[in-house]
Amino acid sequence: MAAFHLTVNGVARTVEASDPNQPLLYALRNALNLKGAKFGCGLGQCGACTVIIDGEAVRSCQTPLSSVGDRAVTTLEGLGSPENPHRVQAAFIEEQAAQCGYCANGMIMTSAALLARKAKPDEAEIREALAANLCRCGTHDRIVHAVLRAAGRA
Ligand code: FES
Ligand code: FES
């Protein structure tokens with residue numbers, strides 16, 4: 001077992017793991033009980049597991065625990081709270097931008113990273129940013145509308 005020191009949602013955390021290649025997703029969900037990021041494909045293809053690392057939307061199923069180091073990890077739980085949601089989280093609620101909701105973590109985290117680097121993306125930029133995030137329920141139009149709302153464009 002080795003100890004991996006992480007900074008998650010602004011808090012120093014330690015995860016014990018025997019495999020340094022263990023996906024960050026497993027450490028977040030199983031060791032740290034942060035269930036916002038979801039296991040979808042486990043292959044980097046769906047985006048359900050997205051977290052933000054140093055401002056960049058990253059697929060945590062493809063991120064070895066040992067590669068994270070001292071970079072800042074933000075999960076859905078750290079983005080906002082029920083009392084004080086991030087503007088993307090609030091917009092998803094206002095637009096009811098989910099059916100099953102399984103993709104919502106990845107859609108929200110990817111959109112939050114987009115808005116952090118560009119405050120008012122247009123619809124084409126939002127669609128491009130979310131193009132590799134899959135939604136099996138076909139909620140894309142509501143999701144895009146929610147991100148437009150969060151960007152102050154709807
Ligand atoms: S679970 Fe990570 S991309 Fe699908
Ligand atoms: S709302 Fe079900 S996968 Fe997107």
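# Exercises on the pockets and fold of a predicted model

The largest pocket holds about 210 Å³ of space. The structure examined here is a predicted model.

## Exercise 1. The largest pocket

Determine which residues line the largest pocket, which helices contribute to the lining, and how the lining divides by class.

*Solution.*

Step 1. List the lining. It consists of L76, G80, S81, P82, P85, Q89, F92, I93, A97, A98, A104 and I108.

Step 2. Assign the helices. Helix 3, spanning 87-95, and helix 4, spanning 104-117, each provide at least two lining residues. The greatest contribution is that of helix 3, with three residues.

Step 3. Sort by class. Nine of the lining residues are nonpolar and three are polar, while none is charged.

## Exercise 2. The second largest pocket

State the volume of the second largest pocket, and describe its lining by residue and by class.

*Solution.*

Step 1. Give the volume, which is about 150 Å³.

Step 2. Identify the lining residues: G40, C41, C46, A48, C100, Y102, C103, L134, C135, R136 and C137.

Step 3. Count the classes. The lining comprises nine nonpolar residues, one polar residue and one charged residue. Since Asp, Glu, Lys and Arg are the residues that count as charged, the charged member of the list is R136.

## Exercise 3. The chain as a whole

Describe the order of the secondary structure elements, and explain why the protein chain is as compact as a globular protein of its length.

*Solution.*

Step 1. Count the elements: the protein chain has six helices and five strands. Read from the N terminus, their order is β-β-α-β-β-β-α-α-α-α-α.

Step 2. Compare the radius of gyration with the rule. The chain has a radius of gyration of 15 Å, close to the 15 Å given by the globule rule for 154 residues, so the chain is as compact as a globular protein of that length.

Step 3. Add the dimensions. The C-alpha trace spans about 50 × 30 × 25 Å along its principal axes.

Step 4. Consider burial and surface. Of the 154 residues, 44% are buried. The accessible surface is about 7,800 Å², and carbon and sulfur atoms account for 49% of it.

Step 5. Examine the contacts. Among those with a separation of 6 or more, 57% join residues 24 or more positions apart.

## Exercise 4. Two strand residues

Decide whether L6 and V11 are buried or partly exposed, and relate each to a residue distant in sequence.

*Solution.*

Step 1. Locate the residues. L6 belongs to strand 1, residues 2-8, and V11 to strand 2, residues 11-17.

Step 2. Apply the cut-off. A residue is buried under 20% relative accessible area. L6 has a value of 3% and is therefore buried, whereas V11, at 43%, counts as partly exposed.

Step 3. Link the two residues. Leaving aside residues up to four places away in sequence, L6 touches V11, A12, R13, V15, L24, L65, V68 and G69.

Step 4. Set sequence against space. L6 and R71 are separated by 65 residues in sequence, yet their C-alpha atoms are 7.6 Å apart. For V11 and G78 the separation is 67 residues, with a C-alpha to C-alpha distance of 9.9 Å.

## Exercise 5. A residue of helix 4

Establish whether N105 is buried or exposed, and name the residues it touches.

*Solution.*

Step 1. Place N105, which is found in helix 4.

Step 2. Judge its accessibility. The relative accessible area of N105 is 4%, so N105 is buried.

Step 3. Name the contacts. Residues up to four places away in sequence being excluded, N105 touches G36, A37, K38, A48, C49, T50 and L76. Of these, L76 also lines the largest pocket, and A48 lines the second largest pocket.

Conventions: Residues numbered from 1 in each chain as written. Chains lettered and ligands numbered in written order. Predicted model: local features only at pLDDT ≥ 70, side-chain atom pairs only at ≥ 80, totals over all residues. Heavy atoms only, no water. 1 Å grid on protein atoms, 1.4 Å probe; cavity = no way out; pocket = protein on both sides within 12 Å on 5 of 7 lines; lining within 4 Å. Points joined across faces, edges and corners; volume = space filled by probe spheres on them. Helix = DSSP H or I, 4+ residues; strand = E, 2+ residues; numbered from the N terminus. Rg over C-alpha atoms; globule rule 2.2 N^0.38 Å. Buried < 20%, exposed > 50% of the residue type's maximum accessible area, 1.4 Å probe, protein only. Contact = heavy atoms within 4.5 Å. Areas by Shrake-Rupley, 256 points an atom, 1.4 Å probe, with all protein chains shown as cover.
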